[in-house]
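Work through the two exercises below with the structure open beside you, and try each task before you read its solution.

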Amino acid sequence: MTEHVETEPWSRDFILQVRLNKTERRELDERVIHTGYSRSALTRYALFRTPLPQPIIRPDVDSAAIAKLLEHFGKTCSNINQYSKRRNMGRDPDSLDPAMEAALRMLLELRAPLLSALGIGK
């Protein structure tokens, strides 16, 4: 049996390809999510028992909330685009019309739910 020689993480030049079935892939992905370690770190640990690095901290993400926020951002961006068109057509550039005020209010209202959906500021 050959002795495992420690290498610096940045000197890893080789990629190992492994074939997994769907169940094995799902289990590996669940371990990645559960432990916070990368697939590579878990594989190196399983093969060589190398010390695991600091886990990757991933916030819980609410996909439905993010989808809803993206929908609102689309509407807001459309409002801002309409305002820009009108402003470029010669309207008073110093006045803020109601559509732009509404768009800016929407952006401010979406800030807290977006940060919450991304797991920031809970």
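**Exercise 1: a helix and its ends**

Task: In this predicted model, what span does helix α1 reach, and what is found at its two ends?

Solution: Helix α1 covers residues 22-35, which is 14 residues, and from its first C-alpha to its last it reaches 20 Å, close to the 20 Å expected at 1.5 Å a residue. At the N-terminal end, asparagine 21 acts as the cap, with a side-chain oxygen 3.0 Å from the backbone nitrogen of threonine 23. After α1 comes glycine 36, whose phi is positive, near 85°.

**Exercise 2: two packed helices**

Task: How are helix α3 and helix α4 oriented to each other, parallel or antiparallel?

Solution: Begin with the angle, which is about 155° between α3 (residues 63-88) and α4 (residues 98-117), while their axes lie 9 Å apart. Angles over 145 degrees count as roughly antiparallel, so α3 is roughly antiparallel to α4. The crossing of the two helices is left-handed. Finally, the residues of this contact divide into 15 nonpolar, three polar and one charged.

Note on methods. Residues numbered from 1 in each chain as written. Predicted model: local features only at pLDDT ≥ 70, side-chain atom pairs only at ≥ 80, totals over all residues. Heavy atoms only, no water. Helix = DSSP H or I, 4+ residues; strand = E, 2+ residues; numbered from the N terminus. Expected span 1.5 Å × (residues − 1). Polar contact = N/O pair within 3.5 Å; in protein donor to acceptor, adjacent residues only side chain to side chain. Axes fitted to C-alpha atoms, helices over the stretch in contact; angles between N-to-C directions. Parallel < 35°, antiparallel > 145°, perpendicular 65-115°, else oblique. Left-handed = near helix turned anticlockwise from the far one by under 90°. Nonpolar A, V, L, I, M, F, W, Y, C, P; charged D, E, K, R; others polar.
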